[in-house]
Amino acid sequence: MSTHGKCPRCRAGDVLAVLRLPHTWTNTSGNPVRGLSEVLLCTRCDAADPLVTYLAVHPSPCHQDATTLARLLRHWIGRARPPRPDPLAVEAESAAWHRGDL
């Protein structure tokens with residue numbers, strides 16, 4: 001069913017859709033940092049989402065289902081939020097860079 005592979009969050013579910021969201025945050029120097037985050041729709045992590053159910057029942061939606069699919073996609077997109085940077089992961093990556101491990 002998935003063309004996007006396994007979910008990196010749970011490592012078990014299939015990724016059904018990928019939403020790429022631009023976002024900006026301010027670094028410790030006060031400068032804006034622009035990024036692009038991916039929000040994934042996973043068969044396991046997002047099993048309760050009606051869009052997952054719809055795609056499980058309709059792996060190849062037809063023209064007659066366009067309105068339903070559009071409504072479900074808008075609902076999913078409306079709730080999607082880019083993940084916030086993990087300060088501990090950023091610090092660990094910075095330390096690795098300073099050690100020369102990157």
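With a relative accessibility of 64%, R11 counts as exposed, because the cut-off for that word is over 50%. This residue sits in the segment before strand 1, and its backbone carries a positive phi of about 65° although R11 is not a glycine. That deserves a remark, since most residues other than glycine have a negative phi. The model in which this appears is a predicted one, and it is sensible to look at its confidence before reading further into the details.

**Confidence of the model**

Averaged over the protein, the pLDDT is 89, and 96% of the residues score at least 70. Confidence is lowest in strand 1, which covers residues 15-26 and has a mean of 90, and it is highest in helix 2, residues 66-79, where the mean is 94.

**The segment before strand 1**

R11 shares its segment with C7, which is also found before strand 1. C7 is buried, with a relative accessible area of 1%, whereas R11, at 64%, is exposed. Where does C7 lie with respect to T43, a residue 36 places away along the chain? The C-alpha atoms of T43 and C7 are separated by 8.5 Å. T43 itself has its place in the loop between strand 2 and helix 1, and with a relative accessible area of 26% it counts as partly exposed. From C7 to R74, which is 67 residues away in sequence, the C-alpha separation is 21 Å. For another pair, L69 and G5, the separation is 64 residues in sequence and 22 Å in space, again from C-alpha to C-alpha. L69 belongs to helix 2 and is buried, with a relative accessible area of 18%.

**Salt bridges**

Side chains of opposite charge can pair when their charged atoms come close. The structure holds five salt bridges, and the table gives three examples, including the distance between the closest N and O atoms in each pair.

| Pair | Closest N and O atoms |
|---|---|
| D46 and R9 | 3.0 Å |
| R79 and D49 | 2.3 Å |
| R99 and D101 | 2.8 Å |

Consider D46 and R9, whose closest N and O atoms are 3.0 Å apart. D46 lies in the loop between strand 2 (32-42) and helix 1 (50-57), while R9 lies in the segment before strand 1, so this salt bridge ties together parts that are 37 residues apart in sequence. The partners are not covered to an equal degree: D46 is buried, with a relative accessible area of 19%, and R9 is partly exposed, at 48%.

The salt bridge between R79 and D49 has its closest N and O atoms 2.3 Å apart, and it links distant parts of the chain, with R79 in helix 2 and D49 in the loop between strand 2 and helix 1, 30 residues apart. Here R79 counts as partly exposed at 41% relative accessibility, while D49 is buried, with a relative accessible area of 9%.

In the pair formed by R99 and D101, which has its closest N and O atoms 2.8 Å apart, R99 is exposed, and so is D101.

**Helix 3 and the glycine after it**

Why can the length of helix 3 be said to agree with expectation? At 1.5 Å a residue, the 13 residues of this helix, residues 87-99, should span 18 Å, and because the end C-alpha atoms are indeed 18 Å apart, the two values agree. Helix 3 is hardly covered, for the count of buried residues among its 13 residues is one. After the helix comes G100, whose phi is positive, near 90°.

**The largest pocket**

About 210 Å³ of space lies in the largest pocket. Strand 1 and helix 3 are the elements that give two or more residues to the lining of this pocket. Which residues line the largest pocket? The lining is made up of W25, T26, N27, T28, V33, P85, D86, P87 and V90. Sorted by character, the lining residues divide into five nonpolar, three polar and one charged.

Terms used
Residues are numbered from 1 along each chain as its sequence is written. This is a predicted model: local features need pLDDT of at least 70, side-chain atom pairs count only at pLDDT 80 or more; totals for chains, interfaces and linings use all residues. Side-chain values use heavy atoms; hydrogens and water are left out. Helices (H or I, at least four residues) and strands (E, at least two) are DSSP runs, numbered from the N terminus. The expected span of a helix is 1.5 Å times one less than its number of residues. Buried means under 20% relative accessible area, exposed over 50%, partly exposed in between (1.4 Å probe, protein chains only). pLDDT is the predictor's confidence in each residue, from 0 to 100. On a 1 Å grid over the protein atoms alone, a cavity is a set of points where a 1.4 Å probe fits but cannot get out, and a pocket is an open set with protein on both sides within 12 Å along at least five of seven lines; lining residues have an atom within 4 Å of a point. Grid points are joined across faces, edges and corners, and a volume is the space filled by probe spheres set on the points. Ala, Val, Leu, Ile, Met, Phe, Trp, Tyr, Cys and Pro count as nonpolar, Asp, Glu, Lys and Arg as charged, and the others, Gly among them, as polar. A salt bridge is a side-chain nitrogen of Lys or Arg within 4 Å of a carboxyl oxygen of Asp or Glu.
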